[in-house]
Structures are given as structure tokens and as C-alpha cells.
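Work through the exercises below with the sequence and the 3D view at hand. Try each task before you read its solution.

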Amino acid sequence: SLSLCCEATGLPRPWIEWSRAQQSSDEPMGFQQNGCLVINTIKKNSEGDYICRAKNSFGLAEKTTAVFVDKKGNYVFQRS
């Protein structure tokens with residue numbers, strides 16, 4: 001499994017949401033909890049860019065993380 005976590009501070013407390021670049025909305029991505037995206041089963045198609053968005057009434061901040069997976073489905077590298 002893989003956990004991607006994102007932290008943001010601010011007042012009011014920012015709301016954090018994960019999305020995946022170039023993914024249709026009906027594809028399952030994983031589950032989100034406490035600012036983390038948890039992907040229980042890593043597959044080659046899990047590879048790609050994941051976007052963390054932190055938003056409150058004062059603005060929006062984004063960070064993209066690239067996840068690479070080997071042919072066996074093992075998590076190989078994460079770049080922020």
C-alpha cells in the first residue's frame with residue numbers, strides 16, 4: 001500500500017482534497033483520511049501525478065507528487 005500525506009495550516013483550517021491528474025471521476029483512486037490519500041493495492045496503473053489541494057476562505061494551495069511503479073506493482077519512487 002501507499003500513503004500520500006499533505007499538511008496545511010491556516011485560519012480557518014484548510015480543507016484538504018486529493019485528486020489525480022488525467023483521471024476520469026469514475027475511476028477509484030483510494031480513500032482519503034486526515035489529509036492522506038491511501039492506496040491499498042498498488043498497480044502499474046497507479047502510476048501518475050497526484051495533486052493535493054488545501055483550501056480555505058482565503059485561498060488555495062496545490063502540490064503535485066509523481067508516483068512511479070515498477071512492472072511488478074511495487075512502489076518505486078515518489079517525487080514532489
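Four exercises follow, each with a worked solution.

This is a predicted model, where local features need pLDDT of at least 70, side-chain atom pairs count only at pLDDT 80 or more, and totals for chains, interfaces and linings use all residues. Residues are numbered from 1 along each chain as its sequence is written, and side-chain values use heavy atoms, with hydrogens and water left out.

**Exercise 1. List the elements of the protein chain in order.**

Step 1. Take helices (H or I, at least four residues) and strands (E, at least two) as DSSP runs, numbered from the N terminus.
Step 2. Count them: the protein chain has zero helices and seven strands.
Step 3. Read from the N terminus: the order is β-β-β-β-β-β-β.

**Exercise 2. Find the disulfides and give their pairing.**

Step 1. Look for pairs of cysteine sulfur atoms within 2.5 Å, the rule for a disulfide.
Step 2. The count is two disulfides.
Step 3. Cys5 bonds to Cys36, with S to S at 2.0 Å. Cys6 bonds to Cys52, at 1.9 Å.
Step 4. Number the bonded cysteines in sequence order: the pairing reads 1-3, 2-4.

**Exercise 3. Describe the link of Cys5 and Cys36, then the link of Cys6 and Cys52.**

Step 1. The link of Cys5 and Cys36 has 110° about the S-S bond and is right-handed.
Step 2. Cys5 lies in strand 1 and Cys36 in strand 4, so this pair ties together parts 31 residues apart in sequence.
Step 3. Use relative accessible area with a 1.4 Å probe, protein chains only: buried is under 20%, exposed over 50%, partly exposed in between. Cys5 is exposed at 53%, whereas Cys36 is buried at 15%.
Step 4. The link of Cys6 and Cys52 has -85° about the S-S bond and is left-handed. Cys6 sits in the loop between strand 1 and strand 2 (15-20), and Cys52 in strand 5, 46 residues apart.
Step 5. Cys6 is buried at 14% relative accessibility. Cys52 is buried at 2%.

**Exercise 4. Which residues form the largest nonpolar core?**

Step 1. Collect buried Ala, Val, Leu, Ile, Met, Phe, Trp, Tyr and Cys residues joined through side-chain atoms within 4.5 Å; such a set is a nonpolar core.
Step 2. The largest one has twelve residues: Leu2, Leu4, Cys6, Trp18, Met29, Leu37, Ile39, Ile42, Tyr50, Cys52, Val67 and Val69.
Step 3. Strand 1 (2-5), strand 4 (36-39), strand 5 (48-56) and strand 6 (59-69) each give two or more residues to this core.
Step 4. Across the protein chain, 32% of the 80 residues count as buried.
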